[in-house]
Amino acid sequence: MNRMALSNIPTKATVEDAPAISRALARAFCDDPMMRWFFPEEATREDGLGRYFTTLFTRQYGLHGVCERTDAAAAFWVAPEGQEKAVPDAGTVQELADILGDRAGLFREAVESAAAHTPPEPHWYLAVIGADPEARGQGHGSALLRSGLAKADAAGLPVYLESSKPENLPVYEHFGFTTLGEATLPGGGPTLWAMRRAPR
């Protein structure tokens with residue numbers, strides 16, 4: 001079946017893009033171990049993830065991060081100067097808790113556990129990146145990754161991320177990331193790998 005080619009050129013994301021971004025990320029993360037842990041019910045997972053990413057984008061990263069999208073993917077980055085502001089406020093925390101339901105406590109513990117491993121050096125943080133599975137292989141994720149890495153390189157700063165999907169590790173390694181360590185999230189959660197890329 002022939003599919004229409006989707007543009008994989010990164011553009012700045014705006015609040016009007018929220019529905020398309022949330023849909024693409026929800027589909028991208030449906031098989032992610034951490035998101036399967038937060039949203040264990042398969043029948044409602046994609047809907048829950050859509051609401052989750054809408055909240056993260058409109059209340060957090062869209063306001064204090066560097067958010068870019070293509071026609072089928074999105075990435076949320078945080079520069080050093082935005083990291084204090086990008087911490088979710090009480091309203092965002094409550095909205096996420098409402099979406100996560102009885103998994104909210106596990107989510108809070110996971111966020112705190114991951115934050116404990118954040119490096120003290122100034123860095124760019126790749127919070128979220130994902131492409132709709134129907135568009136995988138068309139360069140959407142790679143284009144977004146290169147765009148953010150170029151910004152970090154221009155600032156002479158390293159990039160930090162966490163991944164809970166082991167098959168993504170070689171992809172990040174291809175772009176120059178090395179694994180700093182791994183940790184199992186509290187409450188019997190999945191393994192999280194912390195990765196860093198030196199500036200080029």
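**Exercise 1. Work out whether Glu 182 is buried or exposed, and describe its surroundings.**

*Solution.*
Step 1. Start with the relative accessible area of Glu 182, which is 57%. A residue counts as exposed when this value is over 50%, so Glu 182 is exposed. Keep in mind that we're working with a predicted model here.

Step 2. Now place Glu 182 in the fold: it sits in strand β6, which covers residues 178-184.

Step 3. Next, look for its partners. If you skip the neighbours within four places in sequence, Glu 182 is in contact with Thr 191, Leu 192 and Trp 193.

Step 4. Finally, try a distance. Ser 164 is 18 residues away from Glu 182 along the chain, and their C-alpha atoms are 9.4 Å apart.

**Exercise 2. Describe the overall build of the protein, from its secondary structure to its dimensions.**

*Solution.*
Step 1. Count the elements: you should get 7 helices and 7 strands.

Step 2. Write them in sequence order, and you have β-α-α-α-β-β-α-α-β-α-β-α-β-β.

Step 3. Check the compactness. The radius of gyration is 16 Å, close to the 16 Å that the globule rule gives for 200 residues, so the protein is as compact as a globular protein of that length.

Step 4. Picture a box along the principal axes: the C-alpha atoms fill roughly 45 × 40 × 30 Å.

Step 5. See how the chain comes together. Take contacts between residues at least 6 apart in sequence, and 75% of them join residues at least 24 apart.

**Exercise 3. Find the largest nonpolar core and say which elements build it.**

*Solution.*
Step 1. Begin with burial: 46% of the 200 residues are buried. As a rule, nonpolar side chains in soluble globular proteins tend to be buried together.

Step 2. The largest nonpolar core has 38 residues, and Phe 38, Tyr 52 and Phe 76 touch the most other members.

Step 3. Ask which elements give two or more residues to this core. They are α1, α2, α3, β3, α4, α5, β4 and β7. The largest share, 6 residues, comes from α3.

Step 4. Zoom in on Phe 38. Leaving out neighbours within four places in sequence, Phe 38 is in contact with Leu 100, Arg 103, Leu 106, Phe 107 and Ala 110.

Step 5. Don't stop there: apart from the largest core lies another, of 21 residues, including Ile 129, Leu 145, Leu 161 and Leu 169.

**Exercise 4. Describe the surface and the charges.**

*Solution.*
Step 1. The protein exposes about 10100 Å², with carbon and sulfur atoms supplying 53% of that area.

Step 2. For the charges, count 19 positive and 26 negative side chains; the centres of these two sets lie 4 Å apart.

Definitions and conventions: Residues are numbered from 1 along each chain as its sequence is written. This is a predicted model: local features need pLDDT of at least 70, side-chain atom pairs count only at pLDDT 80 or more; totals for chains, interfaces and linings use all residues. Side-chain values use heavy atoms; hydrogens and water are left out. Helices (H or I, at least four residues) and strands (E, at least two) are DSSP runs, numbered from the N terminus. The radius of gyration is taken over C-alpha atoms; the globule rule is 2.2 Å times the number of residues to the power 0.38. Buried means under 20% relative accessible area, exposed over 50%, partly exposed in between (1.4 Å probe, protein chains only). Contact means heavy atoms within 4.5 Å. Accessible areas come from the Shrake-Rupley method with a 1.4 Å probe; for residues, only the protein chains shown count as cover. Lys and Arg count as positive and Asp and Glu as negative; His and the chain ends are not counted. The place of a charge is taken as NZ of Lys, CZ of Arg, CG of Asp or CD of Glu. A nonpolar core is a set of buried Ala, Val, Leu, Ile, Met, Phe, Trp, Tyr and Cys residues joined through side-chain atoms within 4.5 Å.
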